[in-house]
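Welcome, and thanks for taking a look at this one with us. Please have the sequence and the model open side by side as you read.

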Amino acid sequence: NDYLGGLTETGQDLSAERPAAATKKAADQSPPAPAPTVTGADLTDQPMTAIGDSVMLGATGALEKAFDVTVDAAVSRQFPQFVERVNARLAAGQLQNVVIIHPGTNGTAYWDMLKNTLDGLRDRQVVLVTVNTPNSWMDDSNRNIKGMVNQFDNVRIADWEAASEGHREYFVYDGTHLSTEGIKAYVQTIRDALRGDGSAPSPPS
């Protein structure tokens with residue numbers, strides 16, 4: 001597809017990546033532990049890992065230009081595969097201290113699976129990106145994504161649903177994948193969340 005630049009996936013070969021900063025250790029001494037990141041602090045200059053599906057895949061170049069980020073994204077990625085990628089990166093030491101996750105486009109981002117995944121990321125700062133798609137499960141995915149900020153102090157929301165509402169020009173013909181203008185807005189939405197100036201969502205009803 002032209003809007004993906006011919007890509008079907010990126011960030012799959014973990015053996016080719018440098019270790020995540022969170023896993024690096026000095027050979028001869030243990031440096032003092034850094035002060036914990038304050039919730040809401042500006043994270044834009046920190047190394048990060050972004051995990052997504054084809055929506056994020058189409059924005060890979062723009063994300064890499066904007067941030068120090070490794071993008072791990074693939075076409076048609078279902079939510080269980082997000083969990084697998086998080087776990088694989090954790091096991092390989094390839095998950096940075098700042099993690100961006102954009103699930104829920106190709107199927108519901110289930111509450112229990114999402115919560116269990118985030119339980120394993122309590123030592124990291126996590127940005128969850130909401131979904132804007134014509135698919136019927138969008139509302140359930142977004143309700144569960146937004147609800148995580150009430151469960152975890154280290155989670156913030158990049159509300160792509162709100163940022164793109166009413167902007168048909170942000171999408172290509174399918175109403176899900178991003179146009180050139182949409183990619184710019186998508187990156188800005190993530191930047192706003194990383195800066196800590198996004199609004200906290202209401203608790204799920």
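Here is a short briefing on this protein, from its overall layout down to single residues.

This is a predicted model, so please read every value below as computed from it. The protein has 7 helices and 6 strands, and their order along the sequence is β-β-α-α-β-α-β-α-β-α-β-α-α. Of its 205 residues, 48% are buried.

**Overall layout**

- Among contacts with a separation of 6 or more, 74% join residues that are 24 or more positions apart.
- The accessible surface adds up to about 10,000 Å², and carbon and sulfur atoms hold 47% of that.

**The nonpolar cores**

- In soluble globular proteins, nonpolar side chains tend to be buried together.
- The largest nonpolar core here has 28 residues, and the members that touch the most others are Leu63, Ile100, Tyr186, Ile190 and Leu194.
- At least two residues of this core come from each of β2 (48-52), α1 (54-58), β3 (69-74), β4 (98-101), β5 (125-129) and α7 (180-195).
- Helix α7 is the biggest contributor to this core, with 7 residues.
- Which residues does Leu63 contact, leaving aside its neighbours within four places in sequence? They are Met56, Val69, Val71, Tyr186, Val187 and Ile190.
- Another core of 22 residues lies apart from the largest one, and its members include Val86, Val131, Met148 and Val149.

**Strand β4 and Ile101**

- Ile101 belongs to strand β4, and with a relative accessibility of 3% it counts as buried.
- Beyond residues up to four places away in sequence, Ile101 touches Ile51, Phe82, Val86, Leu121, Val126, Val127, Leu128 and Val129.
- One of these partners, Phe82, is 19 residues from Ile101 along the chain, with 8.2 Å between the two C-alpha atoms.
- Phe82 also has a charged partner: the charged end of Arg77 sits over its ring, 5.8 Å from the centre.

**Helix α7**

- Helix α7 has 16 residues and spans 23 Å from its first C-alpha to its last, close to the 22 Å expected at 1.5 Å a residue.
- An α-helix has 3.6 residues a turn, so residues three or four places apart point the same way.
- In α7, the buried residues are Gly182, Ile183, Ala185, Tyr186, Val187, Thr189, Ile190, Ala193 and Leu194.
- Asp192 is also in helix α7, but it counts as partly exposed because its relative accessibility is 28%, between the 20% and 50% cut-offs.
- The C-alpha of Asp192 is 7.3 Å from that of Ala158, although the two are 34 residues apart along the chain.
- Gly196 follows α7 and has a positive phi, near 90°.

**Aromatic residues**

- The whole structure holds 4 aromatic pairs.
- Trp160 and Tyr170 make a stacked pair, with 5.9 Å from centre to centre and 15° between the planes.
- Trp160 is in helix α6 (residues 160-164) and Tyr170 is in the loop between α6 and α7, so their pairing ties together parts that lie 10 residues apart in sequence.
- Both Trp160 and Tyr170 are buried.
- Trp160, Tyr170, Phe171 and Tyr186 together form one aromatic cluster.
- Tyr186 thus appears in this cluster and also in the largest nonpolar core.

**Helix α5 and its cover**

- Helix α5 (residues 138-147) has Met138, Ser141, Asn142, Asn144, Ile145 and Gly147 as its buried residues.
- The cover over these buried residues includes α4 (111-119), β5, β6 (155-158) and α6.

**Two loop positions**

- Where is Ser76 found? Ser76 is in the loop between β3 and α3 (79-92).
- The phi of Ser76 is near 60°, a positive value in a residue other than glycine.
- Most residues other than glycine have a negative phi.
- Ser76 has 44% relative accessibility, so it counts as partly exposed.
- Asn135 is in the loop between β5 and α5, and its 31% relative accessibility makes it partly exposed.
- Asn135 and Gly175 are 40 residues apart along the chain, and their C-alpha atoms are separated by 9.5 Å.

Note on methods
Residues numbered from 1 in each chain as written. Predicted model: local features only at pLDDT ≥ 70, side-chain atom pairs only at ≥ 80, totals over all residues. Heavy atoms only, no water. Helix = DSSP H or I, 4+ residues; strand = E, 2+ residues; numbered from the N terminus. Buried < 20%, exposed > 50% of the residue type's maximum accessible area, 1.4 Å probe, protein only. Contact = heavy atoms within 4.5 Å. Areas by Shrake-Rupley, 256 points an atom, 1.4 Å probe, with all protein chains shown as cover. Core = buried A, V, L, I, M, F, W, Y, C linked by side-chain atoms within 4.5 Å. Phe/Tyr/Trp six-rings, centres within 6.5 Å; stacked < 30°, edge-to-face > 60°. Lys NZ or Arg CZ within 6 Å of the ring centre and 35° of its normal. Expected span 1.5 Å × (residues − 1).
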